[in-house]
Amino acid sequence: MHDDRELVEQRIARILRERLRPAIYCETEPLSVGVWHAPGEPPDVAEGLAADYRPLQANEQWGPAWGTSWFHITGTVPAGWSGRAVEAVVDLGFTQARAGFSAEALVHRADGSAIKGLNPLNIWVRISDKAEGGEPIDLYVEAAANPLIEENGVLGTLLGDALTAGDEPLYRVRRISLSVFDEQVWELVQDTEVLVQLMYELSIGDPRRWNLLRALERALDATLDLKDISGTAAAARAVLAPQLAAPAVASAHRVSAIGHAHIDSAWLWPLRETVRKVARTASNVTALMDDNPDFVFAMSSAQQWAWMEEHRPHVFERMKEKVATGQFVPVGGMWVESDTNMPGGEALARQLVHGKRYFLDKLGIETDEVWLPDSFGYTAALPQLVKLSRTTWFLTQKISWSQFNRFPHHSFWWEGLDGTRVFTHFPPVDTYNSELSGREMAHLVRNFSDKGVANHSLVPFGWGDGGGGPTREMLARAARLRDLEGSARVEIEEPAAFFRKAHDDYPDAPVWVGELYLELHRGTYTSQAKNKQGNRRSEHLLHEAELWAATAAVRGGHPYPYAELDRIWKTVLLHQFHDILPGSAIAWVHRESRATYERLFGELEAIIDAAQRALAGDAAAGTEVVFNAAPHDRSGVAAQGAAPVEEAPPPASCDTADTGFVLDNGLIRAVVDARGLLTSVVDLAAEREIIAPGAAGNLLQIHPDLPANWDAWDVDHTYRRTVTDLLDVDALTVVEDAPAGTAAVRVVRRFGRSTATQVVSLAPGVGRVDIDTEVDWHESEMFLKVAFPLDVRAERSTAETQFGYVHRATDTNTSWEAAKFEICAHRYLHVAEPGYGIAVVNDSTYGHDVTRVVRADGGTTTTVRLSLLRAPRFPDPATDQGMHRMGFALVPGADLADATREGLRVNLPERRVPGDAVVEPLVGVDHEGVVVSAVKLADDGSGDVVVRLYEALGARARARLELGFPAASVGVADLLERPLPDAEGPAPVVDGGGVDLELRPFQILTLRFPTM
């Protein structure tokens, strides 16, 4: 017999496309529409409802980019539609099949309460399930003219800021009408789509595929009358019913489907638009929950919940209503879905503190999973933080994007720096925006790495980023896939239910140790440098503000700024979102972030200044008090204390030489040659040259930078093939006005359309070469680095990460090692051979690369490079254009304790305040490897002192924490400052004005001291 399979499949597809789907709305009546084009920024709902509407003209355009238009829709249900389902169909001119990323809208009732969102794949509003006829229709549609940026690529990037987007209307209303919704036809469409999608995923030789094909043929060809689809849809469904009733095999893969809508807190839209995206999506899913009591939806990011509470209280109340029924589930436990590569340790802890506390305070729920599907790699510090926040599970998905190596597991134990393990799942569906399609279900089964030992996976389904989340069509698919032959079994349930099943199914899952490095998006360590600088400075200013405010409160009753610090922390945490801090958002987002950081700097400086002046004593004494916020002593001032300092170490010298200048401070001798490069840096105590023979340090290098995809996100390994050393010098001079005792040389270079000005200096008594760099940057698609070729044979580099460090190989023996050609480090990157090490520390740089080569003389050069600036054109065409200032330093003879200390010192500089007081620290530690990361008052306002510290060197440590305040007792706390029920080891006690501690490698310990 002739095989007509392909012909039948084509015909089925055409019937679906041209006949069935259009027949869902079988009768249509016009509606009256008024319009108000709001001037400026979006008005609040009350203003939109009260606006002066005029009739919408035929073919009228609306919406300049980022504008808002309100549509008032009125009408009456025809009497002849009695007993039928009726919907308003509102197509505002949606221009793409992908939900989100363009025009969106939220439908309101006349009282201002939200009904549901509208977007390209969800354009209906239910008026009545069973109309009586004559019902009035009174709807208000708040429409956002969000421009298409992603699809237009570089050519559309001027749309990424309201200042440059122009005022041309982008959209034209296509259809606003009232229609009868034919439920039988809609159900037939769902039946057909599920079976067609399943059929295409089965092999040609599978009898089930042929059974489905012939059943579809009989239903749509023999039974369905294309001239009377409404009248014959039920009969066609009856033909398909046996195929939909065929159960899955007992061994079928088990899928936990969880409603989801990944909403970037800012990306191709500004923060203010995310508030509206969340409102639209939350309104959609709560409406779906009314009709589908088994539907469960998970939403992360406490910030997004807080936005609803503040800006859309009607929506927030609906969310809380569904939380109470168990359908709307808060997940993630973090303030936002943050980047985890670059936030500092305290900041990452506070993401969990503020996120979990919000859900506890507002909803009474202790979230039990960290939910980060889309961040760009995951620090090895996370497992311990997960545990210390009383969280159990971890979910990610982005690792499936890695370029070169396939991650070997989907369910596994992730072991962090300190040995803490957390059960982790990585959904094999390879998306966090699933449609629950047959293709996706088949892919996840084929892709699942743990076949034969485990049988559960999770699927987050729903349109994200303003697409409205799950749709009724997705819920229909889930119902049909619950127990269907040839498919995985799909069950909608909450995340905790999945994790319990997955863990019980696979308790001895394999272990992955260390960071989850994403082999993609490495450019995010560098793009939008001012974001990185703003974040780093904000984190350290917050450290100072908490420290000195707590010290002033305990010492003299100075008011502790609880509310201000809480607000500032939340603002900093918001800007650590994984498209803001990484620099992968539109120009508008970064313009606002720069302004926000500047405002925060001022607020934090004011808090610090007020506390220090309260501590400094007599401002008229004619002396200065030096405040040292770093957790190590320096300049004769105790760690985290203050004192007048009069004696200074011997000054450094700067001598002219034939080749340039020689700087010497008795600890280091550095030669700056006529090119402005460091040709020699000698560790005088060790009598060792650290610059590789024939090489020069502080070498600025520039590369072309045009990645294959994802401009702001990616750097490709091929960029290294072309490099230009910046050797020309425009000026080389001694800095005459350097700080007292400091020897310094200024180097000015011009290249392309840019200028770099560097000050190379040696401060008195400091064992490092400081390099302060200003770059007036006006390049496009270029990558600027600075290189230090070091005479050391380092087989691995050591990069500071949150609460510790991570080792990475300097060779490329494996594809896993080769993939890490760009790496993230915090305040230091250290390279060493047995007996000697060198650190490069920085005040605002995260991207680095480290390479090792064997020289002709048999020695080894290990080159450490810092990534300073990029110039991608998408999504912000002016990325990083303008003036930048960054600091970094070379530390010869450094072990890891030295690297840790110097990294902290350059990020927490001394402050001098008029006064005469000696300020004893609230706490001090007698072990160089134990670092105090926070000293503060407890968030609950009790006045208790909270101290967080960690072991930084990867070794066991016995340390004594000396107390500078009266305390009778101490408790071990979780990150949220609650008693930790499963704290390790014997309970610490206050003994003789201090606490004796034992810490394992990289252990984080939070101590709470009740006030007396």
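In this predicted model, the second largest pocket holds about 1,200 Å³ of space. Its lining comprises 44 residues. Trp124, Ala287, Leu288, Asp291 and Asn292 lie nearest the centre of this pocket. Several helices and strands each supply at least two lining residues, among them strand S8 (114-118), strand S9 (124-128), helix H3 (183-201) and helix H12 (472-480). Helix H6 (271-291) is also on that list. H6 gives the most to the lining, with 7 residues. By character, the lining of the second largest pocket divides into 20 nonpolar, 9 polar and 15 charged residues.

Trp124 also takes part in a contact between a charge and a ring. The charged end of Arg472 sits over the ring of Trp124, 3.7 Å from the ring centre. A second such contact involves Arg870, whose charged end sits over the ring of Phe783 at 5.9 Å from its centre.

Aromatic pairs number 38 in the structure. The ring centres of Tyr597 and Phe601 are 6.4 Å apart and the planes meet at 20°, so this pair is stacked. Tyr597 and Phe601 are 4 residues apart in helix H16 (residues 587-615), a separation of about one helical turn. Both Tyr597 and Phe601 are buried. The aromatic pair of Trp713 and Phe874 is tilted, with 6.4 Å between centres and 40° between planes. Trp713 lies in the loop between strands S30 (699-704) and S31 (724-725), and Phe874 in the loop between strands S43 (860-870) and S44 (882-891), so the pair ties together parts 161 residues apart in sequence. Trp713 and Phe874 are both buried. They belong to one aromatic cluster with Phe101, Trp267, Trp269, Trp401 and Trp710.

Salt bridges number 90. Arg885 pairs with Asp772, the closest N and O atoms being 2.6 Å apart. Arg885 lies in strand S44 and Asp772 in strand S35 (residues 769-777), so this bridge ties together parts 113 residues apart in sequence. Arg885 is partly exposed at 36% relative accessibility, and Asp772 is partly exposed at 28%.

Arg905 and Glu902 form a salt bridge at 3.2 Å, N to O. They are 3 residues apart in helix H18 (residues 896-907), separated by about one helical turn. Both Arg905 and Glu902 are buried. Glu998 and Arg958 form a salt bridge with closest N and O atoms 3.5 Å apart. Here the partners are exposed: Glu998 at 59% relative accessibility and Arg958 at 67%. Finally, a network of salt bridges links Glu41, Glu104, Glu142, Arg272, Glu273, Arg276, Lys277, Arg280 and Arg312.

Conventions: Residues are numbered from 1 along each chain as its sequence is written. This is a predicted model: local features need pLDDT of at least 70, side-chain atom pairs count only at pLDDT 80 or more; totals for chains, interfaces and linings use all residues. Side-chain values use heavy atoms; hydrogens and water are left out. Rings of Phe, Tyr and Trp (its six-membered ring) pair if their centres lie within 6.5 Å; planes under 30 degrees apart count as stacked, over 60 as edge-to-face and the rest as tilted. Buried means under 20% relative accessible area, exposed over 50%, partly exposed in between (1.4 Å probe, protein chains only). A charge sits over a ring if NZ of Lys or CZ of Arg is within 6 Å of the ring centre and within 35 degrees of the ring normal. On a 1 Å grid over the protein atoms alone, a cavity is a set of points where a 1.4 Å probe fits but cannot get out, and a pocket is an open set with protein on both sides within 12 Å along at least five of seven lines; lining residues have an atom within 4 Å of a point. Grid points are joined across faces, edges and corners, and a volume is the space filled by probe spheres set on the points. Ala, Val, Leu, Ile, Met, Phe, Trp, Tyr, Cys and Pro count as nonpolar, Asp, Glu, Lys and Arg as charged, and the others, Gly among them, as polar. A salt bridge is a side-chain nitrogen of Lys or Arg within 4 Å of a carboxyl oxygen of Asp or Glu.
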